[in-house]
Amino acid sequence: LEEQLRQAQKMESVGTLAGGIAHDFNNLLTAIIGYCQISQLSPSADEALRGNLEQIMAASKRGAHLTQGLLLFSRKQSSERKPVDLNEVVVQVERFLQRMIGEDIELRVECCRDALPVLADAHQLEQVLLNLATNARDAMPTGGIFSLATSLIELDADFVAEHGYGKPGVYARLSVSDSGQGMSPETSRRVFEPFFTTKEVGQGTGLGLAVAYGIVQQHEGYIQMYSEPDKGTTFRIYLPLLVGGGRQSRGATGARTPELV
Ligand code: ADP
């Protein structure tokens with residue numbers, strides 16, 4: 001429990017620091033891109049200069065993309081949260097994910113019958129799935145299985161005490177597993193840190209899971225990771241269920257949208 005708390009505090013301070021830096025950098029990059037655009041329009045700019053300005057803009061835009069990631073991680077990004085069914089979010093991205101992971105990896109999707117209404121920014125949840133899928137693909141270079149499963153789960157006081165996280169309540173859970181190479185204990189400890197990567201330069205930014213962590217936090221949820229070398233990795237995401245939702249459709253043939261309170 002102490003370790004969990006220490007980790008949460010560390011992420012909090014890294015997040016605050018990263019958010020501050022990202023915010024300032026974003027402003028700087030916006031200024032650089034703006035001046036490049038003005039300079040390109042100047043009649044005295046020749047072909048070579050225009051080319052160089054193009055390069056500066058391209059690099060600045062890559063930088064801006066990274067700072068966007070940091071802002072997401074640090075929760076400084078605004079999000080538009082609406083009631084959405086987690087099952088629908090999963091179904092929406094299914095085809096895209098299959099294309100992204102390629103044909104050698106089998107995608108398995110298992111949505112529970114319960115409706116899973118959550119207050120969420122669907123685009124941000126898609127971003128989380130995309131980041132997890134990118135890592136899963138990289139962890140299975142010779143193919144494997146990538147599975148998504150949803151469920152309705154109650155975290156009771158015993159669960160909280162046992163796992164050392166969470167507030168008791170009813171949650172929509174999304175499990176994301178791969179049968180890939182897994183991680184060493186050292187990597188496992190650091191995966192959610194911004195800029196932590198084991199990938200080669202140019203292959204990874206180390207922001208994918210930091211962003212996922214930030215988004216889930218912002219949704220007042222929890223993300224947990226279990227990994228075993230050579231076996232695979234599972235992420236579990238818990239999002240608070242919208243009050244009054246979900247349970248009444250248990251046992252029905254199709255999930256129906258419960259009343260949202
Ligand atoms: P990046 O993918 O850019 O490296 P991430 O934050 O997404 O950044 O991941 C950080 C590191 O965590 C990866 O470099 C990798 O070592 C490890 N990792 C993440 N997901 C998985 C996975 N599904 N299987 C094995 N290792 C993983």
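The following exchange concerns the surroundings of the ligand and one residue, Leu 207, in a predicted model.

Student: Which residues are closest to the ligand, and how many surround it?

Tutor: The ligand is surrounded by 18 residues, and Asn 135, Thr 197, Thr 198, Lys 199 and Gly 206 are the closest.

Student: What makes the pair between the ligand and the side chain of Asn 135 a polar contact?

Tutor: An N or O atom in the side chain of Asn 135 is 2.8 Å from an oxygen atom of the ligand. A polar contact is a pair of N or O atoms within 3.5 Å, so this pair counts as one. For the side chain of Lys 199, the distance from an N or O atom to an oxygen atom of the ligand is 2.6 Å, and for a backbone N or O atom of Gly 206 it is 2.8 Å. Both pairs therefore also meet the cut-off of 3.5 Å.

Student: How much of the ligand does the protein cover?

Tutor: On its own the ligand has 530 Å² of accessible area, and the protein covers 94% of that.

Student: Which elements give two or more residues to the shell around the ligand?

Tutor: They are helix H4 (122-139) and helix H7 (208-218). By type, the shell residues are six nonpolar, 10 polar and two charged.

Student: Where is Leu 207 found, and why is Leu 207 called buried?

Tutor: Leu 207 is in the loop between helix H6 (185-190) and H7. Its relative accessible area is 4%. Buried means under 20%, so Leu 207 is buried.

Key. Residues are numbered from 1 along each chain as its sequence is written. This is a predicted model: local features need pLDDT of at least 70, side-chain atom pairs count only at pLDDT 80 or more; totals for chains, interfaces and linings use all residues. Side-chain values use heavy atoms; hydrogens and water are left out. A residue is near a molecule or strand if one of its heavy atoms lies within 4 Å of it. A polar contact is a pair of N or O atoms within 3.5 Å; within protein, one must be able to donate a hydrogen and the other to accept it, and residues adjacent in sequence count only if both atoms are side-chain atoms. Accessible areas come from the Shrake-Rupley method with a 1.4 Å probe; for residues, only the protein chains shown count as cover. Helices (H or I, at least four residues) and strands (E, at least two) are DSSP runs, numbered from the N terminus. Ala, Val, Leu, Ile, Met, Phe, Trp, Tyr, Cys and Pro count as nonpolar, Asp, Glu, Lys and Arg as charged, and the others, Gly among them, as polar. Buried means under 20% relative accessible area, exposed over 50%, partly exposed in between (1.4 Å probe, protein chains only).
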